[in-house]
Amino acid sequence: MAEAIQRADQRNGPYKAIVTTPEWLPTAGIQNDHVQSLGRYQMAATTVVVARPGPAGQHPIKLVQQAHIQDVYDFARGSSEGSAAQAAAGIAVDGFELGIAKWFQVTGSGSKIAWSGLR
């Protein structure tokens, strides 16, 4: 944000900065439902800052952020036998081993979160 403000003042016009995470970050769930449904996956984020020139502390700013996710949907047997989720995972592995089920790539993006104000 500071760099966008500085460049807006230098140009005497709006400046747009786009920042993304440099790589996909490994992520894992912490709650059982989250772990059972998603397991481990990767996330990244994009932030767009638009700054307009102004006096110190009075620069109009618009900030928009969005999270992104990607995962290879694969099949693995769980470690705790007996639960319904583990039984379903076992059936999926059986299907994969028989050539019925295939791994596939899943991607998506969350809703854009916006903020505007003065800085």
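Tutor: Buried means under 20% relative accessible area, exposed means over 50%, and partly exposed covers what lies in between. We'll use that a lot on this structure, which is a predicted model.

Student: Let's try it out. Why is Ile-61 called buried?

Tutor: Ile-61 has a relative accessibility of 4%. The cut-off for buried is under 20%, so Ile-61 counts as buried. You'll find Ile-61 in strand 4. By the way, Ile-61 and Val-106 are 45 residues apart in sequence, and their C-alpha atoms are 34 Å apart in space.

Student: And what makes Ala-44 buried?

Tutor: Its relative accessible area is 14%, and that is under 20%, so Ala-44 is buried. Ala-44 belongs to strand 3, residues 40-51. From Ala-44 to Ser-109 it is 65 residues along the chain, while 9.3 Å separates their C-alpha atoms.

Student: What about Lys-16: buried or exposed?

Tutor: Exposed: the value for Lys-16 is 53%, and the cut-off is over 50%. Lys-16 sits in strand 1. The C-alpha atoms of Lys-16 and His-68 are 20 Å apart, with the two positions 52 residues apart along the chain.

Student: How do you know how far to trust the model?

Tutor: Look at pLDDT, the predictor's confidence in each residue, from 0 to 100. The average for the protein is 89, and 95% of the residues score at least 70. Confidence is highest in strand 6 (residues 113-118), at 98, and lowest in helix 2 (residues 32-38), with a mean of 72. Where pLDDT is low, the predicted coordinates shouldn't be read in detail.

Student: On to the helices. How do you know that the span of helix 3 agrees with its 14 residues?

Tutor: You take 1.5 Å times one less than the number of residues. For helix 3, residues 84-97, that gives an expected 20 Å, and the end C-alpha atoms are 20 Å apart, so the two agree.

Student: Which residues in helix 3 are buried?

Tutor: Gln-86, Ala-89, Gly-90, Val-93 and Gly-95 are. Just past the helix, Gly-99 has a positive phi of about 85°.

Student: What makes the phi of Asn-12 stand out?

Tutor: Asn-12 has a positive phi of about 55°, yet it isn't a glycine. Most residues other than glycine have a negative phi. Asn-12 is found in the loop between helix 1 (2-11) and strand 1 (15-20). With a relative accessible area of 64%, against a cut-off of over 50%, Asn-12 is exposed.

Student: Why is the contact of Arg-7 and Glu-3 called a salt bridge?

Tutor: The rule asks for a side-chain nitrogen of Lys or Arg within 4 Å of a carboxyl oxygen of Asp or Glu. Arg-7 and Glu-3 come to 3.2 Å, N to O, so the pair passes that 4 Å limit. Side chains of opposite charge can pair when their charged atoms come close. The two residues are 4 apart in helix 1, so about one helical turn separates them. Arg-7, at 35%, is partly exposed, and Glu-3, at 47%, is partly exposed too.

Student: How many salt bridges does the whole structure have?

Tutor: The search finds 1.

Student: How many aromatic pairs are there, and what makes a pair stacked?

Tutor: The count is 2. Ring centres must lie within 6.5 Å, and planes under 30 degrees apart count as stacked. Tyr-73 and Phe-104 have centres 4.9 Å apart and planes at 15°, and are stacked. Tyr-73 is in strand 4 (residues 60-73) and Phe-104 in strand 5 (residues 104-109), so this pair ties together parts 31 residues apart in sequence. Phe-96 and Trp-103 are stacked as well, with centres 5.3 Å apart and planes at 15°.

Student: Why do Phe-96 and Trp-103 count as partly exposed?

Tutor: Phe-96 is at 32% and Trp-103 at 46%; partly exposed lies between the 20% and 50% cut-offs. Trp-103 is in the loop between helix 3 and strand 5.

Student: Which residues form the nonpolar patch on the surface?

Tutor: Val-72, Phe-96 and Trp-103, with about 280 Å² of accessible area together.

Technical notes
Residues are numbered from 1 along each chain as its sequence is written. This is a predicted model: local features need pLDDT of at least 70, side-chain atom pairs count only at pLDDT 80 or more; totals for chains, interfaces and linings use all residues. Side-chain values use heavy atoms; hydrogens and water are left out. Buried means under 20% relative accessible area, exposed over 50%, partly exposed in between (1.4 Å probe, protein chains only). Rings of Phe, Tyr and Trp (its six-membered ring) pair if their centres lie within 6.5 Å; planes under 30 degrees apart count as stacked, over 60 as edge-to-face and the rest as tilted. Patches are made of residues with over 30% relative accessible area and no salt bridge: like charges are joined within 9 Å, nonpolar side chains (Val, Leu, Ile, Met, Phe, Trp, Tyr) within 5 Å. Accessible areas come from the Shrake-Rupley method with a 1.4 Å probe; for residues, only the protein chains shown count as cover.
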